[in-house]
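Reader: I am new to this structure and should like to understand the terms applied to it. Please explain each one as we proceed.

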Amino acid sequence: MGTVKTIGKSGQVSLGKKFAGQQVLVDEIEEGVWICKIGRFIPESEQWIHAPKIKEELDLAIDWAEKNPPRTSDLNSIEEQVE
């Protein structure tokens, strides 16, 4: 059953405190008809991170980092390797 809401002067519609702080995708499927979907949305500038190949590479890097904690570097030894 639908609920009648009034659009305020600033163009906002309240969905209620139950949905406070959540992201909502609003699709206008035709003039005056909207579909609202609650979900987690990825900013366009971060979508590349979720590509399968990149995600696999990141998972491998995170796995390596978890198994190899940071340690102090011996700068003299590194310098000798570079020369």
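Author: Let us begin with a definition: a residue is exposed when its relative accessible area is over 50%, buried when that area is under 20%, and partly exposed in between. The model before us is a predicted one.

Reader: What makes Lys53 exposed?

Author: Lys53 has a relative accessible area of 58%. The cut-off for exposed is over 50%, and therefore Lys53 is called exposed.

Reader: Why is Glu57 called partly exposed?

Author: The relative accessibility of Glu57 is 41%. Partly exposed covers what lies between under 20% and over 50%, so Glu57 counts as partly exposed.

Reader: Why is the meeting of Glu57 and Lys53 called a salt bridge?

Author: A salt bridge requires a side-chain nitrogen of Lys or Arg within 4 Å of a carboxyl oxygen of Asp or Glu. For Glu57 and Lys53 the N to O distance is 2.6 Å, and the pair therefore satisfies the rule. Glu57 and Lys53 are four residues apart in helix α1, residues 52–67, and so are separated by about one helical turn. In general, an α-helix has 3.6 residues a turn, so residues three or four places apart point the same way.

Reader: How many salt bridges does the rule give?

Author: The count comes to three. One of them joins Lys55 and Asp59, at 3.4 Å from N to O. Another joins Asp63 and Lys67, whose closest N and O atoms are 3.2 Å apart. Asp63 and Lys67 also lie in helix α1, four residues apart.

Reader: How do you know whether Lys67 is buried or exposed?

Author: Lys67 has 59% relative accessibility. Since exposed means over 50%, Lys67 counts as exposed.

Reader: Which residues gather in the patch of negative charge on the surface?

Author: They are Asp74, Glu79, Glu80 and Glu83. Asp and Glu count as negative. Glu79 and Glu80 are both found in helix α2, residues 75–82. Glu80, at 61% relative accessibility, counts as exposed, whereas Glu79, at 46%, counts as partly exposed.

Reader: Why is α2 said to be hardly covered?

Author: Buried means under 20% relative accessible area. Among the eight residues of α2, the count of buried residues is zero.

Reader: Which residues make the nonpolar surface patch?

Author: Ile7, Val13, Leu15, Val24, Val26, Trp34 and Ile38 make a patch of about 610 Å². Strands β1 (24–30) and β2 (33–38) each supply at least two of its residues. Val26, in strand β1, counts as partly exposed at 49% relative accessibility.

Technical notes
Residues are numbered from 1 along each chain as its sequence is written. This is a predicted model: local features need pLDDT of at least 70, side-chain atom pairs count only at pLDDT 80 or more; totals for chains, interfaces and linings use all residues. Side-chain values use heavy atoms; hydrogens and water are left out. Patches are made of residues with over 30% relative accessible area and no salt bridge: like charges are joined within 9 Å, nonpolar side chains (Val, Leu, Ile, Met, Phe, Trp, Tyr) within 5 Å. Accessible areas come from the Shrake-Rupley method with a 1.4 Å probe; for residues, only the protein chains shown count as cover. The place of a charge is taken as NZ of Lys, CZ of Arg, CG of Asp or CD of Glu. Buried means under 20% relative accessible area, exposed over 50%, partly exposed in between (1.4 Å probe, protein chains only).
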